[in-house]
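Me: Give me a close look at one part of this model, please, and keep it connected. I'd like the strands and helices there explained together with what they touch.

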Amino acid sequence: MRHIIAVLLENEAGALSRVVGLFAQRNYNIETLTVAPTEDPTLSRLTLTTQGDDSKIEQIMKHLYKIIEVVKVIDLSDSEHVERELMLIKLRAEGSAREEVKRTADIFRGQIIDVTPTGYTVQLSGPSDKLDAFIRAVGKISIVEVVRSGVSGISRGDKVLTA
Amino acid sequence: MVGTSTDSKLETGVTGKQATKLHDADAEGSELMSGGDMLIRALQDAGAEYIFGYPGGSALHIYDAIFRQQKIEHILVRHEQAATHMADAYARATGRPGVVLVTSGPGATNAITGIATAYMDSIPMIVISGQVPNALIGTDAFQETDMVGVSRPVVKHSFLVKRAEDIPETISKAFHIATTGRPGPVVVDVPKDTTDPDLLAAYHFPASIRMRSYNPANKGNGRQIRKAAAALLAAKRPIIYAGGGVIIGNGSEVLTAIARELNYPVTNTLMGLGCYPGDDRQFLGMLGMHGTYEANMAMHHADLIIAVGARFDDRVTNNPTKFCPDATVIHIDVDPASISKIINADIPIVGQVATVLKDLEEIIGTLRAKNPDLPDATALTSWWQRIDEWRAAHGLDHQMQAEPGKPILPQMVIQSLYRATGGDAYITSDVGQHQMFAAQYYKFRKPRRWINSGGLGTMGFGLPAAMGVQFAFPEATVACVTGEGSFMMNMQELSTCLQYGLPIKIVALNNQALGMVKQWQDMQYGGRHSHSTYSDSLPDFKTLTEAFGHVGFKVTDAADLDAVMQEAFSEKYKNRTVFVDVWVDPHEHVYPMAIKGGSMQDMYLSKITSSMQGDYM
């Protein structure tokens, strides 16, 4: 099962390499990874998605927590949460396809953020499966380039992850 | 480039002018000093007694600071790997962290094996590595290695100190992290300009360290401990499975008290030997791949296992899916990641071993005061009967039959060593058959007396380890049990032994082969000894040792063994390094040996018998 793990870590040189190193060292898989400082510049928040059964995820969480710079770890998939991923996608859009691409972007509530005579660049955000669905809908032939941010997530309701 | 800048520093002088500067103070009354002096001062303030090290370009400012002080003694080794093993063994024997100092590049990479050794066995150690100056980092400078990167998978934590003023706090943090929670090695990488003798800064050594991101567990969860106490007292076939964590966590005394109070059998891991008296009736010996028949049988048939400071290593469990089918598992460990990693714990308790065991002892006392019939005495008596039957049937005493005129059996050498040392020596070992024989036959009665590389299995560990222990306890009897293969991996340290007059005794079980490799080749590869023998090219260890200025013996006849061993440990050689080269039967195997893929009760018991069929060849 896919899990979304959020980590608060000290915003220090080398901290990220310890997190990434752990996954390589212990033979765990990272599917997506996103990291940036929080409102407190001494802390970074990292969100990663990984696959594994409960015991594997438990080990991943415990080992993440053992990293000295890691302040807090939470498995967002454990409870109600919101997840979003940002995608920038450059599409070929010429002739009759031009209108079709725009229509598809509208259906997915994407925004066209760059226009050329031969194509559009669309910005789209949502859960990863929505981005997957958009890619399927426009079709391989029209895709020129895809950039995905990786998943970010936050718990619903009053639950918070703070230092 | 480095050379030039160093020379210009020397011209401005580390002499008179510098020395007066050291006693200057800033506005708050803190002393002003250079990074190099701060580093050494911080090590002093952290309580370091020795630095085991080897100088080189990037560490020279630090070495000059060592020269100008008296409090810490620096031990000059012959290879950086040996420095790490000495510091590691010093820590194992004393419980205090060992300190290593190496230069950048090859100095740092040579230290890696020793860092990994300490990491795998959770040993507190501080490794200070010189680094090229900040401005040269990343330029492939002379003797540059990304030490923080290279060591990352084998350290508990690491620091790169870019500014002199950060040195005291970093050292304080390094000691705090290395010694608390599950201990481990911490690397402090120090670029050369950080220790520049001309750049002075205020020295503030924080007496205590608080980190929001690091709060290791101390007390165990009370409800879990009560559950564990109840399960312990309800058990009919209990066994205490105690590992190295009991020694590291100073829990031997309370563990022994609980075991005695309940009359429960105790088995130790390779790392745990000595945490319960090895000559006690309740002690079943080591468990696991080369554990005793009775320990492995008792584990397999137990209805309750209390694992304390042990981590269900693959060398213990054999096939985890067949592990101890009837057992409820209580697991006490300071590291939550060790719990339910290999074997699911029914009652997990995270906390310091000594603290948790003391709480457990108290609750057991309360429960037994209410119900004196616990635990079930009849069940326990019949459990002990079964254990005694196993012990009588295939105990270690049955493993060797010496015959007159035949080669010396390696087990006999350990027994002879045990007699010569009164069973009370610090014994270090290398890795291989001799290590297993020592673990099986030397009955360790106290914690911290058995010093070996259990997790990483580092050949070359034994000699420097013995030296580290001898530095810690100059008056103690320290012996290194080794094999000729392991010994040759760090024998250059014989020179260090002479320099510091270390009276360690080295006992080599010389079978003219890489014995454990050969044993596996005998058992699993049709006896094809691929690159495991070198009998035509071995040195004469007696004269080799003598060439280093020490005393050497060679024993080939069993009749001489005890006399030579007694002499080696006699007053006569009280102040000398002694090497006893014992030629043992090259065909001897270590038994019992776990049958691969089986459960804990599946063992080969000799070349022709196993616990499964009684006879397998």
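Reply: A quick definition before we dig in: a residue is buried if 20 or more other C-beta atoms (placed from the backbone) lie within 10 Å of its own, exposed if 12 or fewer, and partly exposed in between. Bear in mind that this is a predicted model: local features need pLDDT of at least 70 and side-chain atom pairs count only at pLDDT 80 or more, while totals for chains, interfaces and linings use all residues. Residues are numbered from 1 along each chain as its sequence is written, and chains are lettered from A and ligands numbered from 1 in the order in which they are written.

Let's warm up with a small strand. Strand β2 of chain B covers residues 50-53, with B:Y50 and B:F52 pointing one way, B:I51 and B:G53 the other way, and all of them buried. Strands here are DSSP E runs of at least two residues and helices are H or I runs of at least four, numbered from the N terminus. β2(B) runs parallel to strand β3 (residues 73-76) of chain B, and 4 bridges join them; strands pair if DSSP finds at least two bridges between them. One register point to hang on to is B:F52, whose bridge partner in β3(B) is B:I75.

Now for the part I'd zoom in on, a sheet of chain B. It's an open sheet of 6 strands in the order β11-β10-β9-β12-β13-β14, with parallel pairing. At the edges sit β11 (283-286) and β14 (347-350) of chain B, each pairing on one side only. Inside the sheet, β9 (residues 238-242) and β10 (residues 266-268) of chain B pair in the parallel sense over 3 bridges. If you want a register marker there, B:I240 stands opposite B:V266 in β10(B).

Next comes helix α11 of chain B, residues 252-262, where B:S252, B:V254, B:L255, B:T256, B:I258 and B:A259 are buried. There's a bit of general helix geometry behind patterns like this: an α-helix has 3.6 residues a turn, so residues three or four places apart point the same way. So what covers the buried residues of α11(B)? The cover includes three strands you've now met, β9, β10 and β12 (304-308), plus helices α10 (244-248) and α14 (353-370), all of chain B. After α11(B) comes B:N263, which has a positive phi near 60 degrees.

α14(B) has another partner as well. From helix α9 of chain B, B:I225, B:R226, B:A228, B:A229, B:A230, B:L232 and B:L233 meet B:V356, B:D359, B:L360, B:I363, B:I364 and B:L367 in α14(B). Being in contact means that two C-beta atoms, placed from the backbone, lie within 7 Å.

A histidine in this stretch of sequence is worth a look too. B:H301 lies in helix α12 (residues 293-301) of chain B. B:H301 is partly exposed because 19 other C-beta atoms are within 10 Å. Pick B:N490 for comparison: B:H301 and B:N490 are 189 residues apart in sequence and 42 Å apart in space, C-alpha to C-alpha.

B:Y426 is in strand β15 (residues 426-429) of chain B. Because it has 27 C-beta neighbours inside 10 Å, B:Y426 counts as buried. Leaving out residues up to four places away in sequence, B:Y426 touches B:A93, B:R449, B:I451, B:V469, B:A476, B:T477 and B:V478. B:Q470 is 44 residues from B:Y426 along the chain, with 8.9 Å between the two C-alpha atoms.

Zooming out, let's see how the nonpolar side of things is organised. A nonpolar core is a set of buried Ala, Val, Leu, Ile, Met, Phe, Trp, Tyr and Cys residues joined through C-beta atoms within 7 Å. The largest one has 208 residues, and B:L39, B:V100, B:I305 and B:V580 have the most contacts inside it. Helix α5 (residues 80-94) of chain B gives the largest share of this core, 8 residues. B:V580, ignoring neighbours within four places in sequence, contacts B:I506, B:V507, B:A508, B:F553, B:V555, B:V564, B:M565 and B:A568. There's also a second, separate core of 11 residues, including A:M87, A:I89, A:L91 and A:V101.

That brings in chain A, which has 4 helices and 8 strands. Its contact with chain B takes 16 residues from chain A and 12 residues from chain B. On the chain A side, α1 (15-25), α2 (54-66) and β4 (70-75) each supply at least two residues, and α2(A) gives the most, with 5 residues.
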